[in-house]
Each structure stands twice: as C-alpha cells, then as structure tokens.
2 protein chains.
Amino acid sequence: MGKANATMSSAAAATAPAAQAPAATPAPTAAHGHGHAAGEQQPPRIHIRAQDGYRWDELPVLVYKEDGGTHFKSITRQLLCPGQGLGCELRYFEIEPGGHSTLEVHQHIHSVIILRGRGQCLVGETVYDLALHDVIYIPTATWHQFRANQGEHLGFLCMVNHDRDRPTRPTEAVEARLRQNPAVDGFIRT
Amino acid sequence: MGKANATMSSAAAATAPAAQAPAATPAPTAAHGHGHAAGEQQPPRIHIRAQDGYRWDELPVLVYKEDGGTHFKSITRQLLCPGQGLGCELRYFEIEPGGHSTLEVHQHIHSVIILRGRGQCLVGETVYDLALHDVIYIPTATWHQFRANQGEHLGFLCMVNHDRDRPTRPTEAVEARLRQNPAVDGFIRT
C-alpha cells in the first residue's frame, strides 16, 4: 500500500486524503555506523510513515553489524529513533527464519519488544520463547542471543543508550563454560 | 490465549511447552506515579509476556494522569520498561475510539511508534494521520495531542526520559492563539 509523504502542510494534513507516494524498499546498506548515524546531525523527522513489510518511508535498511562475520545470520537493522535529546535510540531488528543475532555481552542494557513473528532468545543461561509484543530486558554484562527458530521472521524494537560500549563475543574458554549448561549448548550459534 | 509464566528454568525453557497461566486483566489503577514507578526500585523483569488485548502479564493498567481532569478522555498507560540503567522509559498508551490525550507542552522529548489501530496527532501546528507502526517525534517545547478519531483504538509506545519536566496545558490566551490556525482549531480538544 502506498503511503503519503511524511511532511504535510497543516491545512492539507487536517483535511486532505493522503497522496500516493510509494517508497522503494532499499536493500541493506552499510551506511550509518554502530548506532551513531550520520543522520544524528540532522533535524529529526517528525513523522515517519510505516510501509507494508516492516519498512519505513525513506529509512534505510542497514546491515546488522558493519564488520560482518559469521557469528550472525540473516538479520537487518533500521534506526527508527536516532535518540536526539533523549540519550536513547530505538532500532528495529529483523531476523529471517533460521537466522540469529550475535551471541554477545556488553555493559549497556537493552529493552526489547517483539514487533513481528516469534522466536527465542537467550538471556544469561535461560532461553525464553518470544511472541508478539513480549517485552525482554537484557541486563548489563549478560550473554544474550536472539534466534528466529520458529519458522517465522522475528522482528523487534530495541531501546538502547546512544553512547554505549562495544559488544564482546565469547572466547573459546568462555564458550566452553557457557556450553556446560545443556540448555545453552543446544541453543547458541557461534 | 493463556501464556506461560515469565520466569522459567533454563532447562524447562529450552525444552518444555509453555505452561498455561492466564493472567487477569486489571482495571486501570492510580498506582505508580508520573513515570516514577515504585517498581523502579525492584530488579527489572527479564521477560514480560504479552497477553491478548494489548495487556502484559502482571503489568498494571494505569490511569493516564494521576491528577485526573477533563482535558483527556478514555486513555490508559502501561509502563513496559521502567528505564533502569537506560535513563529512558518505554510506556504503552491506549486511547479508546473517540478519546484523546491532553493537549500539552513540555521541555522533554517523545519518540512514539504506533502499536495498534489508527488516529491522528497534532505536533506543533500540523495534524498527522497515524497508522500501524508509524513513528512520531515530538520535539522539545512543542504542543501536541493524540486522538483516536478514526473509529478505532489508537495504541502507541512512547519513549521518554525518566527524569523530565511536568507538562503544561494552554492558558486561555495560548489556546486562543493556537486556534487562530483553522487546522489546529478543528482538531484540538481541551
């Protein structure tokens, strides 16, 4: 379904039906850094219309991590709210069926809400089943990984501080320790 | 649909189907203050399961504003992420068909994403049509009001700083000035 431009004059907005201006869905791009987007310097957009398919008007679909690697699979990122003035960003991550995020740990915190589909996530040593609108809190210094392992896409909003430490992946020794828990061993993908 | 308890043992979580533990939907309550919930002192919940009907397990449905008044109508609030360690909260507001939030202004910023239904909002002097997953940014010191005026519920997530100034409503003189714009005059409810 085509949707209107995000910015309208007040008179038009109050009275006129939305003009048709379908936006193309961009392929994932490496533009915009690790949560520190070039757009951060621009005035924030007041209204970003959602398109069908969990995309937003003129909002790029970004690679999950710029440095690539095989520790994640089939996952994209969109920066919905760059965090101007709030100190927090809101990102939308989407994992295709069979995909997963990186198993990682960091000092910063995540607050997550599921926006699409279902899947599972590891938080610490517990695996949680995730369904639409479930809320997940990832505490500081806690190993975590998301997987779209229920035959569906798994899409979620993630609230995070704009200024944050970089994630760390497990060393072989740490991974061996984590895998001593059978539930963790059966879940994680590295 | 009944959903399982939020906390599961790691082994059970990895292997067992979810136990049935339907939670009652509480009526709106005045518990928890203006974004400064008593729960702020408690350890955050790792997993809060969504129930049907835009409610969450053991999460109270709160009044919109504790001081009451006739400047809002048919709107509730749920505190999904109290903001521990992030400095930001994530709240879910829901307006019944025909209802509206308060027309107000404040120094703090809102980042909003629509989670249910459709409606409209005023930001500054522009009225925006809102549909599922649209993103709205309310800049500092900007008059705004949300309305469920499309015959549907309007539900949205709102990201906001935990520490923030209190909203101000328009004086008669300010309201008269705002109403000089016909689009605003036709939209606002005070």
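This tour moves through a predicted model of chains A and B, stop by stop, with a selection to make at each one.

**The interface**

Begin by selecting the residues of each chain that touch the other: 51 residues of chain B are in contact with 50 residues of chain A. The area buried between chain B and chain A is about 4,300 Å², and carbon and sulfur atoms give 65% of that area. If the side of chain B that touches chain A is coloured by residue class, 33 nonpolar, eleven polar and seven charged residues appear. Between the two chains the count of salt bridges is zero, whereas 13 residue pairs, both members at pLDDT 80 or more, are in polar contact. To the side of chain B that touches chain A, strand E9 of chain B, residues 126–130, gives the most, with five residues.

Next, display residues 47–48 of chain A together with residues 135–138 of chain B. These are strand E1 of chain A and strand E10 of chain B, which pair across the two chains in the antiparallel sense over two bridges. Centre the view on His47(A), and Ile136(B) in E10(B) will be found standing opposite.

**Strand E12 of chain B**

Now select residues 154–161 of chain B, which form strand E12. Eight of the eight residues of this strand are buried, so E12(B) is largely enclosed by the rest of the structure. With side chains shown, Leu154(B), Phe156(B), Cys158(B) and Val160(B) point one way from the strand, while Gly155(B), Leu157(B), Met159(B) and Asn161(B) point the other way. Such a pattern fits the general rule that in a regular strand the side chains alternate between the two faces of the sheet.

Add the strands that pair with E12(B). Strand E6 of chain B, residues 88–100, is joined to E12(B) by eight bridges and runs antiparallel to it; within this pairing, Ile95(B) stands opposite Leu154(B). Strand E7 of chain B, residues 110–117, also pairs with E12(B) in the antiparallel sense, here over six bridges, and Ser111(B) has Met159(B) as its bridge partner.

**A polar contact in chain B**

Select Gln120(B), which lies in strand E8, residues 119–123, of chain B. Gln120(B) counts as buried because its relative accessibility is 10%, and its side chain is joined to that of Asn149(B) by a polar contact of 2.8 Å.

**Salt bridges**

Over all chains, the count comes to 16 salt bridges. For one of them, select Arg77(A) and Glu66(A), whose side chains meet with an N to O distance of 3.8 Å. Arg77(A) lies in strand E5 of chain A, residues 73–81, and Glu66(A) in the loop between strand E4 (62–63) and E5, so the pair ties together parts that are eleven residues apart in sequence. The two partners are placed in contrasting surroundings: Arg77(A) is buried at 5% relative accessibility, whereas Glu66(A) is partly exposed at 43%.

Move on to Asp185(A) and Arg179(A), which form a salt bridge with their closest N and O atoms 2.9 Å apart. Asp185(A) is partly exposed, with a relative accessible area of 34%, and Arg179(A) counts as partly exposed at 25%.

In chain B, select Glu152(B) and Arg118(B), which form a salt bridge with the closest N and O atoms 3.3 Å apart. This pair links distant parts of the chain, 34 residues apart, with Glu152(B) in the loop between strand E11 (144–147) and E12, and Arg118(B) in the loop between E7 and E8. Glu152(B) is partly exposed at 32%, and Arg118(B) is partly exposed at 37%. Then return to chain A and select Arg55(A), Glu94(A) and Arg116(A), which salt bridges that share partners join into one network.

**Loops and a helix**

Two loop residues merit a look at their backbone. Ala141(A), in the loop between strand E10 (135–138) and strand E11 (144–147) of chain A, has a positive phi near 55° although it is not a glycine, and its relative accessible area of 46% makes it partly exposed. Glu58(B), in the loop between strand E3 (55–56) and strand E4 (62–63) of chain B, has a positive phi of about 55° and is likewise not a glycine; Glu58(B) is exposed, at 67%.

End at Ala173(A) in helix H2, residues 172–178, of chain A, which counts as exposed at 60% relative accessibility. From its C-alpha atom to that of Gly186(A), 13 residues apart along the chain, the separation is 17 Å.

Technical notes. Residues numbered from 1 in each chain as written. Chains lettered and ligands numbered in written order. Predicted model: local features only at pLDDT ≥ 70, side-chain atom pairs only at ≥ 80, totals over all residues. Heavy atoms only, no water. Contact = heavy atoms within 4.5 Å. Buried area = accessible area lost by both parts, 1.4 Å probe. Salt bridge = Lys/Arg side-chain N within 4 Å of Asp/Glu carboxyl O. Polar contact = N/O pair within 3.5 Å; in protein donor to acceptor, adjacent residues only side chain to side chain. Helix = DSSP H or I, 4+ residues; strand = E, 2+ residues; numbered from the N terminus. Nonpolar A, V, L, I, M, F, W, Y, C, P; charged D, E, K, R; others polar. Pairing = 2+ DSSP bridges. Buried < 20%, exposed > 50% of the residue type's maximum accessible area, 1.4 Å probe, protein only.
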